Amino acid sequence: MKYLLLALLPVVTQASEITTQRQEELIYLLHQDCGSCHGMTLKGGLGPALLPDILQNKPVEFLTATILFGRSGTPMPPWSFMLTESEAEWLAVYLKNPKHDEK
Ligand code: HEC
């Protein structure tokens, strides 16, 4: 008897839950809304720079939690009202490893 186990294995990963269109929206949000504090090119302003070099030693979970819940006692606001956990995680991964050329 033949088992079709392979066909049943879930192939969905966190990142693929987010459509290309939503990814573009998230990148727009990052430069506009997050950029108002972190700088349009994420080099820092009121908030610290969010560049890959600076974030490389910070775990994705830590950055995701910062994005979702903000940091109390600092101006970093929580974004859980407009981002899901996987979207915040996608942004954290993106910040550590931007996949496209920054303008
Ligand atoms: C009102 C200003 C403001 C806005 C808007 C803002 N941030 Fe922040 N953010 C801060 C500040 C200030 C800190 C530093 C907090 C601290 O002192 O620990 C911070 C910290 C962070 C960190 C942690 C950086 C590190 O090195 O640990 C991440 C990641 C981050 N912000 C992502 C975002 C993202 C993504 C957005 C948009 C969805 C955003 N921020 C919008 C002010 C802001």
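Here are some short exercises with worked solutions on the predicted model shown above.

**Exercise 1: the overall fold**

Work out which secondary structure elements the protein chain has, and in what order.

*Solution.* Start by counting: the protein chain has five helices and zero strands. Then walk along the sequence, and you get α-α-α-α-α. Now look at burial: of the 103 residues in the protein chain, 13% are buried. Finally, take the contacts between residues at least 6 apart in sequence; 50% of them join residues at least 24 apart.

**Exercise 2: helix 5 and the core**

Check the length of helix 5 against what you'd expect, then find its part in the largest nonpolar core.

*Solution.* First, the length. Helix 5 has twelve residues, so at 1.5 Å a residue it should span 16 Å; the C-alpha atoms at its ends sit 17 Å apart, which agrees.

Second, burial. In helix 5 the buried residues are E87, A88, E89, W90, L91, A92 and L95. Their cover includes helix 2, helix 3 (52-55) and helix 4.

Third, the core. Eight residues form the largest nonpolar core: L42, L50, I67, A88, W90, L91, A92 and L95. Five of these come from helix 5 (residues 85-96), the largest share.

Last, zoom in on one core member. Leaving out residues up to four places away in sequence, A88 touches T64, I67, L68, W79 and L83.

**Exercise 3: L42, a loop residue**

Is L42 buried or exposed, and what does it touch?

*Solution.* Begin with its place: L42 is in the loop between helix 2 and helix 3. Next, count neighbours. L42 has 22 C-beta neighbours inside 10 Å, and 20 or more are needed for a residue to be buried, so L42 counts as buried. Then list contacts: setting aside residues up to four places away in sequence, L42 touches G35, A49, L50 and L51. One of these, L50, also belongs to the largest nonpolar core along with L42.

Now try a distance. L42 and H31 are eleven residues apart in sequence, and their C-alpha atoms are 7.2 Å apart. Finish with the backbone: phi of L42 is positive, near 65 degrees, and this residue isn't a glycine.

**Exercise 4: helix 2 and the ligand**

Find what surrounds the ligand and which helix gives the most to that shell.

*Solution.* Count the shell to begin with: 23 residues surround the ligand, and the closest are C34, C37, G47, T74 and M76. Sort them by class and you have 15 nonpolar, five polar and three charged residues.

Now trace them back to helices. Helix 2 (20-38) and helix 4 (60-69) each supply at least two residues of the shell. Helix 2 gives the most, with seven residues.

While you're on helix 2, follow its path: helix 2 bends by about 30 degrees at L29. After helix 2 comes G39, with a positive phi near 90 degrees.

**Exercise 5: placing P77**

Where does P77 lie, and why does it count as partly exposed?

*Solution.* P77 lies in the loop between helix 4 and helix 5. It has 14 C-beta neighbours inside 10 Å; a residue with 12 or fewer would be exposed and one with 20 or more buried, so P77 counts as partly exposed. For a distance check, use C34: P77 and C34 are 43 residues apart along the chain, with 9.8 Å between their C-alpha atoms. C34 is also among the residues closest to the ligand.

Technical notes. Residues are numbered from 1 along each chain as its sequence is written. This is a predicted model: local features need pLDDT of at least 70, side-chain atom pairs count only at pLDDT 80 or more; totals for chains, interfaces and linings use all residues. A nonpolar core is a set of buried Ala, Val, Leu, Ile, Met, Phe, Trp, Tyr and Cys residues joined through C-beta atoms within 7 Å. Helices (H or I, at least four residues) and strands (E, at least two) are DSSP runs, numbered from the N terminus. Two residues are in contact if their C-beta atoms, placed from the backbone, lie within 7 Å. A residue is near a molecule or strand if its C-beta atom, placed from the backbone, lies within 6 Å of it. Ala, Val, Leu, Ile, Met, Phe, Trp, Tyr, Cys and Pro count as nonpolar, Asp, Glu, Lys and Arg as charged, and the others, Gly among them, as polar. The bend at a residue is the angle between axes fitted to the seven residues ending there and the seven starting there. The expected span of a helix is 1.5 Å times one less than its number of residues.
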